[in-house]
Amino acid sequence: MLRVDDVETANLLIPRIEKIIDVGEILISYGDFLENNHPLVPVGYCDEWWRLDGGTKTPENEEEALIFAHGGGYLHPSYTWFWDDITIDQIRALSEVVSKTGNIADGVLSFPNDKTTKATLEELLIPHKVREGQIQIRNYRAFIACLGLDENLHRRNTGNDAPISGSLAFAVHLSGLLMRSRSGTRIGGRMGRPGKSKPRKMNPPPHGLFPLGESGGSRRSFQSASNHLEDADATATEIDFQKEGGVIDIEVGRRRCTGCNEITYLNRCAACGAHTIPINTCPKCGHELTTERCPNCNVPATCSQRISLNVKGEYAKAMERLGLRPDSIALVKGVKGVISRERTVEAMEKGILRAVQDIFVFKDGTTRFDMIDLPLTHIRPDEVKVSVEKLRSLGYVKDTFGYDLQNGKQVLELRPQDLLISDSCADYMIKVAQFIDDLLTKLYGLPPFYKVKSRDDLIGHLVIGLAPHTSAGVLARIVGFTSANVGYAHPFFHAAKRRNCFYGDTLIEVSDGRQWKTMPIRTFVLENFDISRPELDRLGTYYSDPAHPGFTRSVDTGGVLHIRKITSVSIHRAPKTLIRFVTGRGREVTVTPEHAMLIWDTGYLRKCMAMELKVGDAVPVFEGMCVITDRIATVDLVPAPEDRVYCLTVSDDHTVVANGIFTGQCDGDEDCIMLLLDGLLNFSRSFLPQTRGGSMDAPLVLTSRIDPAEIDKEALNVDVGSSYPLEMYEAALTYAKAKDVEPLIDRVERRIGTPAQLEGFHYTHDTSDISAGPLESMYTQLKSMTEKLEAELVLAEKIRAVDEDDVAERVLNTHFIRDLMGNLSAFSKQKFRCTKCNTSYRRMPLAGKCTKFKGKGICNGNIIPTVHEGSVKKYLEMSKNICRKYKVSEYTKQRVEVLDLAINSTFGEEKQQQLGLADFM
């Protein structure tokens with residue numbers, strides 16, 4: 001058995017590993033215990049604790065450790081084995097074997113190998129070798145002392161007079177040495193979330209927000225739109241034949257030029273260059289309106305018109321204005337249609353320039369990159385791939401110990417609004433920066449701003465960080481890179497972008513699919529928190545999938561009521577104060593200051609933070625099974641009644657009705673960034689869809705400076721001292737409350753209101769490189785589910801702490817069986833789609849072909865199903881193999897058998913191919 005302490009050795013030994021006896025230790029900070037109000041738990045004896053017990057210098061060998069221990073000190077943890085993991089009888093048996101059969105030669109203890117003895121040594125985690133049938137232990141002196149043996153392997157203490165209080169106490173009695181438990185507290189662990197770092201894309205991903213309708217084809221391309229009549233000759237009408245090639249019909253906004261009164265769809269008049277403004281009209285009578293509804297027809301005003309556009313000619317003109325040849329770009333993608341309230345169209349040139357750089361646009365006009373959040377407080381220049389000179393120019397002139405920054409090995413304290421981006425993000429941001437420079441020079445006639453040619457040129461530039469389902473971005477600065485597929489930033493930066501939670505007594509309406517119930521959100525979350533599958537995000541918030549399926553009422557940005565599925569529940573630490581809103585109709589809700597609230601804005605719902613909501617603002621409420629408008633009557637700051645707040649995640653619209661008021665809901669731990677100039681130059685509210693979710697993920701508000709006193713309390717419980725006191729370790733032995741030692745721990749919250757709230761943070765354990773671990777999860781590297789499952793089960797078989805049979809059954813119950821049942825159900829309810837015009841059908845037409853009218857005839861395209869047999873059966877064989885290979889419960893086996901019968905009854909038995917003699921020759 002070999003202990004592995006470095007990556008190089010581990011990589012060399014991977015092919016030879018038969019069993020993983022122990023997976024090492026995990027560091028959990030005191031702040032996590034305080035944040036989650038969890039009792040302290042006994043920790044394994046470590047070098048830091050040994051020094052607090054009187055140790056000075058870490059011993060270089062076992063002899064030094066024993067000299068210190070014989071002098072009255074505690075035995076160093078490097079030579080303290082896991083005695084409390086075995087029984088007293090095992091200690092006696094081991095002592096008997098070593099005493100009778102052991103031999104010491106050349107500084108090595110040897111004794112015969114047998115199954116029972118070796119298993120005990122593995123439980124003790126004492127490194128040893130097996131050579132020629134003999135077990136060999138090099139560091140044996142503390143080991144034999146704890147067996148009651150002297151240097152000649154003779155018994156000097158039988159232990160018959162030892163107090164029976166545990167195996168560790170027994171070993172202490174036999175050896176006469178002071179020892180503490182190396183085991184501490186063991187916790188179960190599962191695979192963490194795979195790292196994610198990729199561009200944010202719509203589906204399908206467009207280069208520009210320019211509508212092409214059906215003429216753009218399945219790829220929504222300008223190239224297809226320019227030739228759409230040639231593709232439709234067979235079904236075109238006589239009138240269509242008279243049109244020029246590339247002329248398309250699209251729905252766009254109706255706008256008037258402020259200079260020459262020209263009616264157009266462009267944001268800037270093509271005739272005089274002046275800005276245009278939207279024109280609202282009544283869809284019934286056609287009158288221009290200055291109000292949201294027509295006073296005569298009582299219908300909502302619209303801002304749209306249907307025009308015929310020579311997209312081929314306009315595309316050629318745009319390419320000419322940009323100085324590009326029409327055939328220089330193979331593919332430029334637009335959108336099928338614009339669905340914002342004003343039907344605003346983005347300049348065609350922007351889409352072309354994005355296509356040049358191979359980047360894509362999001363629904364609000366910006367280009368974004370998603371990354372998983374990871375907190376970080378300290379960096380080294382070498383590990384973030386930035387030169388010392390560059391970091392000094394950004395203000396990093398002193399290291400964390402106060403010395404001048406001179407070399408790449410020094411440790412620097414990360415500023416709260418500085419972040420590290422992944423290598424893949426850096427490569428993408430280079431393209432975005434080059435696109436913006438092209439935009440400035442070729443479209444606006446301005447000098448370039450970024451002038452970025454390599455990653456190093458990105459250092460120091462500003463970005464906007466935005467959390468999902470929120471509308472408030474936070475300003476940040478790029479100061480380095482990481483090879484890991486994550487986004488490293490200060491805990492303050494991550495905390496400043498979120499948190500949306502409710503007071504526990506807030507009433508919500510939920511349905512189990514049969515009946516509706518009104519209950520406090522606290523009750524729903526606690527009853528549905530799946531303790532068998534809890535998750536913990538990077539700020540200490542507990543969340544899980546609901547233990548039971550549930551649905552609740554939600555509203556989209558147009559004010560339309562929906563019933564949506566609840567996808568997760570979460571429990572958060574409460575801040576010191578909450579905000580209580582009371583409406584004019586007597587509705588009341590209490591939320592965290594950063595909670596997303598809904599507010600009516602010229603006919604659609606947008607999100608704002610609770611702290612931004614004012615008296616008189618119009619909010620949506622649920623009354624009489626309808627969505628109506630109410631107004632905020634009072635806004636009060638109130639102390640948090642308890643130390644927890646609760647939330648849930650709702651699919652699609654990400655809104656929920658709480659105490660009768662529609663609000664936003666919780667978010668995840670994956671944020672995006674965009675270049676600041678991209679947000680300032682290309683973002684527009686007029687691009688945001690008026691349909692559901694339109695105002696989500698939009699930087700409507702920008703926070704330029706983070707105040708630690710105003711961010712989520714999770715970040716304030718980060719401990720920032722360089723070490724822990726002895727009192728904390730001793731308190732952990734008695735499972736004391738975390739609050740009992742809180743005055744002894746240096747935390748962010750204790751520094752609020754002082755200059756030290758932003759700087760002077762320390763850490764308890766150093767690391768060589770933040771990117772030294774796995775850069776990408778094997779889950780993302782392995783492509784097929786078969787490979788992933790096989791790797792998981794092989795690993796489960798090797799790790800001693802894991803029951804591979806239990807892992808196999810969990811995979812079946814939590815993934816495969818659910819997937820098989822869901823896909824089988826989806827197959828029975830599926831729709832059908834035309835491969836030619838993409839028309840969707842609830843049932844297969846009797847003709848077996850597409851019946852949609854197109855041009856002067858019927859489309860007659862092929863109709864195909866949307867759910868196929870292969871997708872239903874993809875996990876069936878794997879599930880049956882697992883049942884055969886592993887000891888899963890009879891109930892689970894029968895569930896798989898029932899699904900097998902159901903699938904076979906739906907699709908029939910697979911046809912056996914008739915083989916001839918020639919097939920074997």
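Is Lys385 buried, partly exposed or exposed, and what is its relative accessible area? In this predicted model, Lys385 is partly exposed, with a relative accessible area of 34%. That residue is a good way into the charged contacts described further below, but the chain as a whole comes first.

The protein chain holds 921 residues, and 49% of them count as buried. Its secondary structure is made up of 26 helices and 41 strands. Taken along the principal axes, the box filled by the C-alpha atoms is roughly 110 × 85 × 60 Å. The accessible surface comes to about 44,900 Å², and carbon and sulfur atoms account for 52% of that area. Contacts across the sequence are also worth a look: among those between residues at least 6 apart, 68% join residues at least 24 apart.

Charge is the next topic. The chain carries 114 positive and 122 negative side chains, and the centres of these two sets lie 6 Å apart. On the surface, Arg16, Lys129, Arg131 and Arg138 form a positive patch. One of these residues, Lys129, belongs to strand β3, which covers residues 129-131. With a relative accessible area of 47%, Lys129 is partly exposed. Because patch members need over 30% relative accessible area, the value of 47% for Lys129 satisfies that part of the rule.

The count of salt bridges comes to 40. Among them is the pair of Lys385 and Asp423, whose closest N and O atoms are 2.7 Å apart. Lys385 sits in the loop between β14 (378-379) and α14 (388-393), whereas Asp423 is part of helix α15 (residues 423-443), so this salt bridge ties together parts that are 38 residues apart in sequence. The two partners can be set side by side by their accessibility: Lys385 is partly exposed at 34%, while Asp423 counts as buried at 15%. The pair also takes part in a network of salt bridges that links Lys385, Asp423, Asp427 and Arg455.

Another salt bridge joins Glu623 to Arg587, with 3.2 Å between the closest N and O atoms. Here too, distant parts of the chain are linked: Glu623 is in strand β30 (residues 618-623), Arg587 is in the loop between β26 (577-583) and β27 (588-591), and the two are 36 residues apart. Glu623 counts as partly exposed, at 28% relative accessibility, and Arg587 is buried, with a relative accessible area of 18%. Arg587 falls on the buried side because the cut-off is under 20% relative accessible area. A further example is the salt bridge in which the side chains of Glu64 and Lys57 meet, at 3.8 Å from N to O. Glu64 is partly exposed there, with a relative accessible area of 30%.

The loop between β5 (197-199) and α9 (222-226) deserves a paragraph of its own, with His207 as a convenient starting point. His207 is buried, with a relative accessible area of 4%. Leaving aside neighbours within four places in sequence, His207 is in contact with Leu331, Val332, Lys333, Lys350, Gly351, Arg354, Ala355, Ile359, Phe360 and Val361. Pro204 is found in the loop between β5 and α9 as well. A cis peptide bond joins Asn203 and Pro204, with omega at about -5 degrees.

Some backbone details are welcome checks for anyone looking at torsions. Most residues other than glycine have a negative phi, and most peptide bonds are trans. Leu153 has a positive phi of about 65 degrees although it is not a glycine. Leu153 is placed in the loop between α7 (141-146) and α8 (167-175), and with a relative accessible area of 5% it is buried. Asn261, likewise not a glycine, has a positive phi of about 65 degrees. The loop that holds Asn261 runs between β7 (255-257) and β8 (263-264). In terms of accessibility, Leu153 is buried, whereas Asn261 counts as exposed at 54%.

How values were computed:
Residues numbered from 1 in each chain as written. Predicted model: local features only at pLDDT ≥ 70, side-chain atom pairs only at ≥ 80, totals over all residues. Heavy atoms only, no water. Helix = DSSP H or I, 4+ residues; strand = E, 2+ residues; numbered from the N terminus. Buried < 20%, exposed > 50% of the residue type's maximum accessible area, 1.4 Å probe, protein only. Contact = heavy atoms within 4.5 Å. Areas by Shrake-Rupley, 256 points an atom, 1.4 Å probe, with all protein chains shown as cover. Lys, Arg positive; Asp, Glu negative; His and termini not counted. Charge placed at Lys NZ, Arg CZ, Asp CG, Glu CD. Patch = residues over 30% accessible without salt bridge, like charges linked within 9 Å, V, L, I, M, F, W, Y side chains within 5 Å. Salt bridge = Lys/Arg side-chain N within 4 Å of Asp/Glu carboxyl O.
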